[in-house]
Amino acid sequence: MKIFVTGATGFIGSAVVPELIRAGHQVLGLTRSEVGAKSLIAAGAQVHRGHLEDLESLRSGAAQSDGVIHTAFNHDWSKFAENCDMDKRAIETLGSVLQGSDRPLVVTSGLALLEQGRSATEDDPPAPVSASYPRASEATAAVLGARGVNTSVVRLPQVHNTVKQGLVTYLIALAREKRISAYAGDGMNRWAATHVLDAARLYRLALESAKAGSRYHAVAEEGVTLRDIAEVIGRGLKVPVVAMSSEEAPAHFGFLARFAGMNLRGSSAKTQERLGWRPTGPGLIADLEQMRYFEA
């Protein structure tokens, strides 16, 4: 198939592109820059110029393709609500092109707010869209699905290698800036994780399965404690590891405060059963131990 990939030069997308090509698919990658275009050509993909706010570029990319994988998202947390709205419009635009066909649209979501008392499963419905958490990717995919668009969702945990680790990347930057590595409360809340290459393989399998309405969890580790994460960061940066009280956490963590004490646990048992996906990459702590902390 010829697959249109948004975010094709981003952290996730740049792993998805070669995964698709190795499996025999053609890739049309969205990029706005010359550097991005060169990296896509080097990977063996075709270049499609545009960006998430250029809805016509999204329409034309989807129109040329047999399926779409949407990994793009603007992670400027100071404009989170605006970026969630941008993501919603992008998904709606992609879906409008695919409506009336069996061509698959794979949308990206996360584990936030799904379930706090246990590991979230694929059967858990998406978190309600609200002012406090306006991410609407799953809700938008569900609306499109009701209109006959062949949508499925990949829910991501903390996706990592030795360079980036999802929200943990921001914890590292914060520890570097403030010279302490912190966790909230007792640090026993847990974040699920998976290696970026395992996540890329799941996107391919989800696309190839093309089972409308499916939710898949790209979870290799159901939950790594924030205390363990803070401790490995502290060792890497050679800074103290500190527990933050609920009163101290907002000032220290900033935008991360909403996540710092949250459980973002997830199970992928049903994903593995349904798609035969078996994560094989290193764990989050192993990758954090291999970080080059003083080169960032």
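Trainee: Leaving aside its neighbours within four places in sequence, which residues is H70 in contact with?

Mentor: This is a predicted model, and in it H70 lies in strand 4, which covers residues 67-70. Once the neighbours within four places in sequence are left aside, the residues in contact with H70 are T6, L52, D87, A90, I91, L94, V106, V107 and T108.

Trainee: Does H70 count as buried or exposed?

Mentor: The term buried applies under 20% relative accessible area. The relative accessibility of H70 is 1%, so H70 counts as buried.

Trainee: With which side chain does the side chain of H70 make a polar contact?

Mentor: T6 is among the residues in contact with H70. The polar contact joins the two side chains at 2.7 Å, and the partner of H70 in it is T6.

Trainee: Turning to the sheet with the order 7-9-11, which strands stand at its edges?

Mentor: This open sheet is formed by 3 strands, and its pairing is mixed. A strand with a single partner has one side left without a neighbour in the sheet, and this holds for strand 7 (158-160) and strand 11 (221-225), so the strands at the edges are strand 7 and strand 11.

Trainee: Which residue of strand 9 stands opposite Q158?

Mentor: Strand 7 pairs with strand 9, residues 190-195, in the parallel sense over 3 bridges. Opposite Q158, in strand 9, stands A193.

Trainee: At about what angle does helix 7 run to strand 9?

Mentor: Helix 7, made up of residues 196-209, lies across both strand 7 and strand 9. Its angle to strand 9 is about 75 degrees.

Technical notes: Residues are numbered from 1 along each chain as its sequence is written. This is a predicted model: local features need pLDDT of at least 70, side-chain atom pairs count only at pLDDT 80 or more; totals for chains, interfaces and linings use all residues. Side-chain values use heavy atoms; hydrogens and water are left out. Two strands pair if DSSP finds at least two bridges between them. Helices (H or I, at least four residues) and strands (E, at least two) are DSSP runs, numbered from the N terminus. Contact means heavy atoms within 4.5 Å. Axes are lines fitted to C-alpha atoms, for helices over the stretch in contact, and angles run from 0 to 180 degrees between N-to-C directions. Buried means under 20% relative accessible area, exposed over 50%, partly exposed in between (1.4 Å probe, protein chains only). A polar contact is a pair of N or O atoms within 3.5 Å; within protein, one must be able to donate a hydrogen and the other to accept it, and residues adjacent in sequence count only if both atoms are side-chain atoms.
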